[in-house]
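Student: I have a model open on my screen and I'd like to learn how to read it. Could we go through it together?

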Amino acid sequence: MNGSPIWHPFTQHGLREPIPQVANASGAVLHLEDGREIIDAISSWWVTTHGHAHPAIAGAIAEQAARLDQVIFAGWTHQPAEDLAAGLRAIMPDSLTRVFFSDSGSTSVEVALKMALGYWRNRRENRTRIVVMDNGYHGDTIGTMSVGARGAFNRAYEPLLFDVISVPFPEEGAEQETLDALEAACRDGAAAFIAEPLVLGAGGMLMYSAATLAEMRRICAEHGTLFIADEVMTGWGRTGTLLACEQAGVEPDILCLSKGLTGGAMPLAVTMASEPVFEAHYSTDRGEMFFHSSSYTANPVACAAANANLAIWRTEPVMQRIVDLSARQQAWLADTAQHEMVRNARQLGTITAFDVGAAEGYLSDLAPRMLKMFRERGVLLRPLGNTVYTMPPYCIDDEQLSRVYGVIGEVLDEVSN
Ligand code: PMP
């Protein structure tokens, strides 16, 4: 064995791609050990909202780590978690009265699915099927892969995945097909419907209308099917509002949040649930409690980082930054869309995306080729197949954003030759 013993995620080590070492980061920039600077145009996989190393978040982490680093959360509590739960209650939809902690987007979704199944079981109703949307992505654990798109990512694990009912992605003009399929599944007694509101992230930054989201929610409510909104990516302002659900005026029964919950500084997630979902597990019968926990549930240091994030939302002009960034993104995207290689340019809030050249799948070599070209030019962009997207931290300045799109233009020129 040569070099590092680390086995990296989503990395084919056999291709022997360089793995740059990051020394430190601030704002929208990563500083490498070899002195290079890289602009982080995807917020380090969609987590960093206010920029790297925000002093208020870094300070809160240091302070909390010295006070109370970790404590069992089953049957115990602490102030950072209490403050965070109250803070979330104050800004998240009113009907989401309960906050359950976990540590990643995937676990927040696992928890949501288990809550939905527990809800029906404790109500003595035999509703167990989950409805999902084609091209969805909810994580890489067995449960979340089961409710996500099937393909190259999870072919080897197919025997472990449970059956779901899938409805088509609501393509513009074909939304009725999705709604009809959802209606049929709900009428049939589906337990829950899980969806990424307005933007399907890993599925290729596919966007659909708020009207469709509102209609999907209405159909679920009509049939008692629980609506699970996975806002792990779309939450915390990415789509132009705190939650994407807001744009459709809908409140889910269960909401999954992670990534920007701590401003992107610490691993933490919450699954928020409506009172009926909690009530179904509330009893004197221990057999009806919610059977889920992990060692680091509601880790105090991570909760302190999240509380600092909420304070930033309250005290800094975050929403104004989002509005400004969305406008700057719109101008750059309009410019980029002129390129002959660009198709389907699309945007929602701070997220822009477009497809390059002819349609190809995730494993087409265009993605790794472009990734390498971006990296060599000092920009962190990670295309999804032939879809290039940007999702910068809200603090990215004009010069940095101009550099990102300048590099995108250079790479488009190079792949078109
Ligand atoms: N849901 C969505 C919508 C996501 O985009 C992601 C991660 N990209 C996840 C769930 C899984 O989150 P994590 O990687 O933190 O487990």
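Tutor: Sure, we'll start with the whole chain, then look at the ligand, and then at a handful of residues.

Tutor: One thing to keep in mind is that this is a predicted model.

Student: Fine. How many helices and strands does the protein chain have?

Tutor: There are 13 helices and 16 strands in the protein chain. The C-alpha trace spans about 65 × 55 × 50 Å along its principal axes.

Student: What does the radius of gyration of the protein chain say about a compact globule?

Tutor: The idea is to set the value beside what a compact globule with this number of residues would have. For 417 residues that would be near 22 Å, and the protein chain has 21 Å, so the two agree.

Student: And what share of the residues counts as buried?

Tutor: Buried means under 20% relative accessible area. By that cut-off, 51% of the 417 residues of the protein chain are buried. As for the surface, the chain exposes about 18900 Å², with carbon and sulfur atoms supplying 53% of it.

Student: What share of the contacts joins residues at least 24 apart?

Tutor: Take the contacts between residues at least 6 apart in sequence: 73% of them join residues at least 24 apart.

Student: On to the ligand. Which residues surround the ligand?

Tutor: The shell is made up of Trp46, Ser104, Gly105, Ser106, Tyr137, His138, Gly139, Glu196, Asp230, Val232, Met233 and Lys259. Sorted by character, the shell has 4 nonpolar, 5 polar and 3 charged residues.

Student: Which polar side-chain atoms lie 2.6 Å or 3.1 Å from a nitrogen atom of the ligand?

Tutor: To read this, look for N or O atoms of the protein within 3.5 Å of N or O atoms of the ligand. Asp230 places a polar side-chain atom 2.6 Å from a ligand nitrogen, and Lys259 has one at 3.1 Å from a nitrogen atom of the ligand. Backbone atoms count too: an N or O atom of the Gly105 backbone is 2.9 Å from a ligand oxygen. On its own the ligand has 400 Å² of accessible area, and the protein covers 83% of that.

Student: Where does Ser258 lie?

Tutor: Ser258 is in the loop between strand 11 (254–257) and strand 12 (269–274). A loop position can still be buried, so check the accessibility: for Ser258 the relative accessible area is 6%, which means that this residue counts as buried. Its side chain reaches the backbone oxygen of Leu268 at 2.8 Å. Leaving aside neighbours within four places in sequence, the contacts of Ser258 include Ser104, Gly105 and Val232, and these three are also among the residues around the ligand.

Student: Is Arg217 buried or exposed?

Tutor: Arg217 is buried, because its relative accessible area is 12%. It sits in helix 7 (residues 210–223). For a charged side chain, look for a polar partner: the side chains of Arg217 and Asp253 are joined by a polar contact of 3.0 Å. Beyond four places in sequence, Arg217 also contacts Phe227, Val250, Glu251 and Pro252.

Student: What does Val250 touch?

Tutor: Not counting residues up to four places away in sequence, Val250 touches Leu213, Ala214, Arg217 and Cys245. This residue lies in the loop between helix 8 (245–248) and strand 11, and with a relative accessible area of 10% it is buried. Compare position in sequence with position in space: Val250 and Ala210 are 40 residues apart along the chain, and their C-alpha atoms are separated by 9.4 Å.

Student: What about Leu310 and Met373, which are 63 residues apart?

Tutor: There the C-alpha atoms are separated by 37 Å. Leu310 belongs to helix 10 (residues 300–315) and is buried at 4% relative accessibility. Among its contacts beyond four places in sequence are Leu84, Leu88, Ile91 and Trp236. Trp236 also turns up in the contacts of Ser258.

Student: Last one: what is phi of Ser43 and of Ser44?

Tutor: Check the sign as well as the value. Phi is near 50 degrees for Ser43, a positive value in a residue other than glycine, and near 45 degrees for Ser44, again positive. Ser43 is found in helix 1 (residues 43–46), as is Ser44. Ser43 is buried, because its relative accessibility is 0%, whereas Ser44 is partly exposed at 27%.

Key:
Residues are numbered from 1 along each chain as its sequence is written. This is a predicted model: local features need pLDDT of at least 70, side-chain atom pairs count only at pLDDT 80 or more; totals for chains, interfaces and linings use all residues. Side-chain values use heavy atoms; hydrogens and water are left out. Helices (H or I, at least four residues) and strands (E, at least two) are DSSP runs, numbered from the N terminus. Buried means under 20% relative accessible area, exposed over 50%, partly exposed in between (1.4 Å probe, protein chains only). A polar contact is a pair of N or O atoms within 3.5 Å; within protein, one must be able to donate a hydrogen and the other to accept it, and residues adjacent in sequence count only if both atoms are side-chain atoms. Contact means heavy atoms within 4.5 Å. A residue is near a molecule or strand if one of its heavy atoms lies within 4 Å of it. Accessible areas come from the Shrake-Rupley method with a 1.4 Å probe; for residues, only the protein chains shown count as cover. Ala, Val, Leu, Ile, Met, Phe, Trp, Tyr, Cys and Pro count as nonpolar, Asp, Glu, Lys and Arg as charged, and the others, Gly among them, as polar. The radius of gyration is taken over C-alpha atoms; the globule rule is 2.2 Å times the number of residues to the power 0.38.
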